[in-house]
Each structure stands twice: as structure tokens, then as C-alpha cells.
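Biologist: Could you take me through one part of this model up close? I'd like the metal site, and how it sits in the chain as a whole.

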Amino acid sequence: MHQNLVDRNDLSDDQRQHALSELGLDFLKAGLLDRAEAVFLKLRDTRLNDFALKNLLDIYQQEKDWRKAIEIAEALPHEGVLWEKEVSNFHCELASADIANSRFDDALGSITRALEMNRKSVRASMLLGDLHAARGDDQGALDAWKRVESQNPVYLALVAERLMDAYRRLGQLEQGMQLLRSYLEQYASLDLLDALFQWELQKEGPQAAYLLVRDELRRNPTLLGLDKLLEAALLTAPVAQRNDIELVKGLVHGHTRRVARYRCDACGFKARQFYWRCPACGGWETYPPRRTEEFDLSP
Ligand SMILES: [Zn+2]
């Protein structure tokens with residue numbers, strides 16, 4: 001219907017633009033992104049320019065065309081709404097693809113721009129570390145990942161495994177464990193505990209791993225922590241007690257499986273894995289990097 005309207009010759013500019021905008025939305029709703037793009041491009045530099053830009057930004061994000069998304073976001077009016085977080089993430093998406101394809105210089109360029117847009121971008125620091133690690137510079141990687149602490153320590157859980165792998169490659173496991181212990185002390189998190197538990201188990205054995213989890217559970221009583229404690233207890237308990245512990249662990253684990261999710265702050269969507277962009281609402285950095293249950297029972 002809107003197509004017919006657009007094709008008529010007797011419309012004023014305003015009426016034609018309005019019909020075009022409706023047509024673009026029809027295409028967008030139908031998932032016909034190419035056709036929607038063509039329509040909204042026609043509306044650029046008209047009185048519906050801002051409306052067109054916002055829809056183009058949506059389209060290019062759906063298509064993962066990050067270069068075009070950057071161009072549109074930079075053209076958007078900046079009063080009131082800031083697009084730094086979004087644009088920074090678009091550069092991070094480019095960097096991530098560049099690292100995967102060993103285009104290291106391009107990746108560095110994108111990371112630099114991501115940090116220019118958002119100095120506090122944890123994701124950019126993580127990618128900078130990934131880039132150094134991919135180039136075989138583990139010390140450089142460690143320096144980049146450690147910056148996360150000053151940017152936003154809640155995200156340290158996301159770099160714990162990376163840090164430990166780099167320390168292991170450098171033959172400095174003990175230093176890595178010291179660092180993780182101090183992080184855990186200051187910024188309690190189940191994923192940090194998880195990472196440290198595995199290394200403690202490997203390096204110091206089941207008893208040390210058990211004590212680590214027990215102390216942490218006292219400090220921070222959560223069901224997920226209890227689940228971990230039972231896992232550790234199974235490793236250290238005398239054979240005669242193992243069946244009982246197994247039983248309790250099964251019960252607790254059945255429950256924690258349901259609550260151990262990441263939850264989007266913007267729309268409430270829950271997921272087992274961490275996302276930089278919510279798959280449900282499309283928001284960027286709307287997932288706190290902590291499982292939901294950690295919030296619910298922590299003192
Ligand atoms: Zn969401």
C-alpha cells in the first residue's frame with residue numbers, strides 16, 4: 001500500500017517522504033533489509049534525516065556492517081544522546097574480526113579508535129591483550145588485560161582465564177595465582193573463583209582448592225559457591241562419604257543450573273553465555289558480567 005502511495009505523482013514532498021518512511025518500516029519489519037536500506041538512504045538530507053539515520057544504524061547493525069554503522073552513528077545528531085559506547089563497540093567488532101584473520105595492524109587501528117571513543121572500554125583492553133597474545137607478546141597482553149581493573153573491575157572475571165594462560169606460558173603461574181587471589185579478595189565473583197579453583201586444584205591439589213572455596217563461601221554465601229564447595233568436597237572426602245555428597249551435589253546443581261545465568265539489564269533476557277550485545281534487545285554492554293544468582297543471595 002505504501003509502495004503505491006510512493007509511486008503517485010500528485011504528492012507533495014512532505015507526503016512522499018512520509019510514505020517513504022512508512023514503506024521503509026514495512027520492509028524493515030518484513031526483514032527485507034536491502035530494500036529498507038534503499039528507502040532510508042533516499043530520506044537522508046530530507047526533513048526525515050534523523051529518522052532515516054536511526055533506521056540505517058539499526059539495519060547496519062543487523063547486517064554486521066560495522067564500517068557503515070560507524071559512518072551513520074557519526075552522522076547522527078549528538079545532542080542529548082551519545083553514541084560513544086555503540087561506536088566503540090563497532091570498532092571492537094572490526095578489531096575482533098581483524099585479530100581472527102591475523103590482520104594485526106588493522107586490528108590495532110580499530111582498537112585505538114575504540115579507546116578514543118570510550119577510554120573505559122573494557123572490551124578494547126581485552127582485544128588489545130588478545131592482539132599482543134596473538135603476536136606472541138604475553139607481557140604486553142598481561143599489561144593490557146590488567147588495565148581492566150582500573151576501567152571496571154566487575155569485568156575481571158572475563159579476563160581471568162586469559163591472564164592465567166599468559167602467566168603459564170611465561171612460566172609465572174605463581175604470580176598469576178597471586179594476582180587472581182588479590183582480585184578475588186577485592187572483587188568477589190563466582191567466575192573468578194572458578195578460574196582460581198581450577199588452577200589451585202592443578203597446582204596445589206584438592207585440599208588447597210577445597211579451602212579456597214570454603215573460605216570464599218563463608219565470605220560470600222551463594223548457592224553457586226555451595227555448588228563449587230561440594231565439587232571440591234567430593235575430591236577430598238573419604239570414600240565412605242562420597243555417595244552422600246554426590247546426592248547433595250546433584251540436588252544443588254539441579255537448582256543452580258537454572259539460576260546461573262547472565263541477565264540483560266535493559267530487557268531482562270537471560271543467557272548462559274556473556275554477550276557484548278544483547279541478542280534479544282540489541283543493547284550494547286547491557287549484560288553485567290556476573291551470573292544472576294550472585295546478586296540475589298550475596299550479603
Ligand atoms: Zn536485552
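Modeller: Sure, starting with the whole chain: of its 299 residues, 46% count as buried (buried is under 20% relative accessible area, exposed over 50%, partly exposed in between, with a 1.4 Å probe and protein chains only). Bear in mind that this is a predicted model, where local features need pLDDT of at least 70, side-chain atom pairs count only at pLDDT 80 or more, and totals for chains, interfaces and linings use all residues. Residues are numbered from 1 along each chain as its sequence is written, and side-chain values use heavy atoms, with hydrogens and water left out.

Now the metal. The zinc ion is held by the SG atoms of C264, C267, C278 and C281, at 2.3 to 2.4 Å; donors here are N, O and S atoms within 2.8 Å of the metal (3.2 Å for Na, K and Ca), and water is not among the atoms, so sites may look incomplete. Along the chain, those donors are spaced as C-x2-C-x10-C-x2-C. The angles among the four donor atoms run from 107 to 113°, and the site is tetrahedral (for four donors, that label asks for all angles between 85 and 135 degrees). For reference, the ideal angle for four tetrahedral donors is 109.5 degrees.

Two of the cysteines are worth a look for cover. C264 is buried, at 0% relative accessible area, whereas C267 is partly exposed at 40%.

Back to the overall frame: the C-alpha trace of the protein chain spans about 90 × 45 × 30 Å along its principal axes.

Methods. Four donors count as tetrahedral if all angles lie between 85 and 135 degrees; four count as square planar and six as octahedral if opposite donors are over 155 degrees apart and all others between 65 and 115; anything else is irregular.
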